[in-house]
Amino acid sequence: MSYGGPRYGGDPGRRMMSQLGARMIPIVLGLLVVGFTMIRGCERGPFGRNQVLAVKGQQEMALGAQAFQQVLSTANVEDDTPEVRAVEKVAQRLIKAAANPAFLEAAGLKPQDFDWKLRVIRSREVNAFCLPGGKIVVYTAIIPVAETDAGLATVIGHEIGHALAHHGSERMATQQMTQIGMVAAGAAMGDMDPRQRQGLLQALNAGAQFGILKYSRTHESEADHIGILLMAAAGYDPSETIRFWERMTHATRGGKKPPEFMSTHPSDETRIRNLTAWIPDAMPLYESSSDKTETEVLPKDAGPAPGIDEQ
Ligand SMILES: [Zn+2]
């Protein structure tokens, strides 16, 4: 049977069907590509849910490293100061806990082979994020907002939660940015078209510097859940996370503009209610932690100096 044109020449109905068939080709091809990506990328994700990932392993690590360089290239990176040391102490405890088998089991995560790195950036932006492969960025302005080491563990724990759950890669899969990601993983992200680069950095959770793109409710809630288990395994009292979010809610009462961290991570009653419900799961990790710590107030002068901003 042939689909040659002239044969249908006199019949408008059949000609329309033929045109429709031609139009279906790209749609069918597109569905095949999506289907292939889903089969290839389908994984058992955190807490046993299924997830589709755009990039994995070395490719995901390369992307995270690229995005990290991109962020640092325009940033005011802090040297060894009391606040940097305070942030490092919290991050190191969380990184160590991320390999704790009891934590991994509670969160339904596989052990990760991340190349962890941390940089503190002097900025007025109240923000923090963790790129794929464990590249953590903390802005100085979030330190006074976090107030205590356990408050900071809540923030960084949540951000590490996004990375451990491969949310950036998952978001790339849903945004069909796989091709861009593959190219970026093999070449310099700096050479990319600025719009493509910005989209990719957003998908990878590179923070407010590149424009805010909200994570889905599922991802936010999952990062909260992983975060509270992680901070508990790191020896921080998980109930401190409730106190942190209550401080955040209080700080933004009366129509005050919420900090960047809050606008990407909305605080609401549901979040506090969920976190409260997860405390009984987190407590055994805290109780069995060999490295329990008393909550300490972070260095007071940790805020950014007036007029200094990397933007
Ligand atoms: Zn988040």
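This is a guided tour of the structure above, stop by stop, with residues to select along the way.

**Before you start**

The model is predicted, so local features are described where pLDDT is at least 70 and side-chain atom pairs count only at pLDDT 80 or more, while totals for chains, interfaces and linings use all residues. Residues are numbered from 1 along each chain as its sequence is written, and side-chain values use heavy atoms, with hydrogens and water left out.

**Stop 1: the whole chain**

Show the chain as a cartoon. Its secondary structure comes to 13 helices and five strands. Helices here are DSSP runs of H or I with at least four residues, strands are runs of E with at least two, and both are numbered from the N terminus. Of the 311 residues, 49% count as buried. Buried means under 20% relative accessible area, exposed means over 50%, and partly exposed lies in between, using a 1.4 Å probe and protein chains only. Among contacts with a separation of 6 or more, 73% join residues 24 or more positions apart; a contact means heavy atoms within 4.5 Å.

**Stop 2: the nonpolar cores**

Now select L94, F103 and I156. These residues have the most contacts inside the largest nonpolar core, which has 55 residues. Helix α6, residues 149–164, gives the largest share of this core, eight residues. A nonpolar core is a set of buried Ala, Val, Leu, Ile, Met, Phe, Trp, Tyr and Cys residues joined through side-chain atoms within 4.5 Å. In soluble globular proteins, nonpolar side chains tend to be buried together.

Which residues does F103 touch? Leaving aside residues up to four places away in sequence, F103 touches A97, A98, L109, L164, I226, L229, L230, A233 and L285.

Next, select V55, L63, M172 and A203. They are among the 23 residues of another core, which lies apart from the largest one.

**Stop 3: α3 against α6**

Colour helix α3 (residues 82–97) and α6. Their axes are 10 Å apart and the helices pack at an angle of about 50°. Axes are lines fitted to C-alpha atoms, for helices over the stretch in contact, and angles run from 0 to 180 degrees between N-to-C directions. α3 and α6 are therefore oblique to each other: under 35 degrees counts as roughly parallel, over 145 as roughly antiparallel, 65 to 115 as roughly perpendicular, and the rest as oblique.

To see the contact, show V87, V90 and L94 of α3 with D149, L152, A153, I156, G157 and I160 of α6. These divide into seven nonpolar, one polar and one charged. In this grouping Ala, Val, Leu, Ile, Met, Phe, Trp, Tyr, Cys and Pro are nonpolar, Asp, Glu, Lys and Arg are charged, and the others, Gly among them, are polar.

**Stop 4: α6 against α10**

Keep α6 and add helix α10 (residues 217–233). The axes of α6 and α10 come within 7 Å and cross at roughly 125°. That makes α6 oblique to α10. In α6, the residues to show include A150, A153, G157 and L164; in α10, they include A223, I226, G227 and L230. The full contact has eight nonpolar, seven polar and two charged residues.

**Stop 5: α10 against α13**

Now bring in α13 (269–287). How do the axes of α10 and α13 cross? They come within 8 Å and cross at roughly 30°. α10 and α13 are therefore roughly parallel to each other. Among the residues that make the contact are I228, L229 and A232 of α10 and L275, W278 and I279 of α13. By class, this contact has 10 nonpolar, three polar and four charged residues.

**Stop 6: single residues**

Select T293, in the segment after α13. T293 counts as buried, at 15% relative accessibility. Not counting residues up to four places away in sequence, T293 touches R93, D149, G235, Y236 and Y286.

Go to G168 in helix α7, residues 167–174. Is G168 buried or exposed? G168 is buried, with a relative accessible area of 6%. Its C-alpha atom is 7.8 Å from that of L131, and the two residues are 37 residues apart along the chain.

Finish with two loops. F47 sits between β1 (42–44) and β2 (50–52), and its phi is near 55°, a positive value in a residue other than glycine. E147, between α5 (142–146) and α6, is not a glycine and has a positive phi of about 70°. F47 is partly exposed at 31% relative accessible area, and E147 is partly exposed at 37%.
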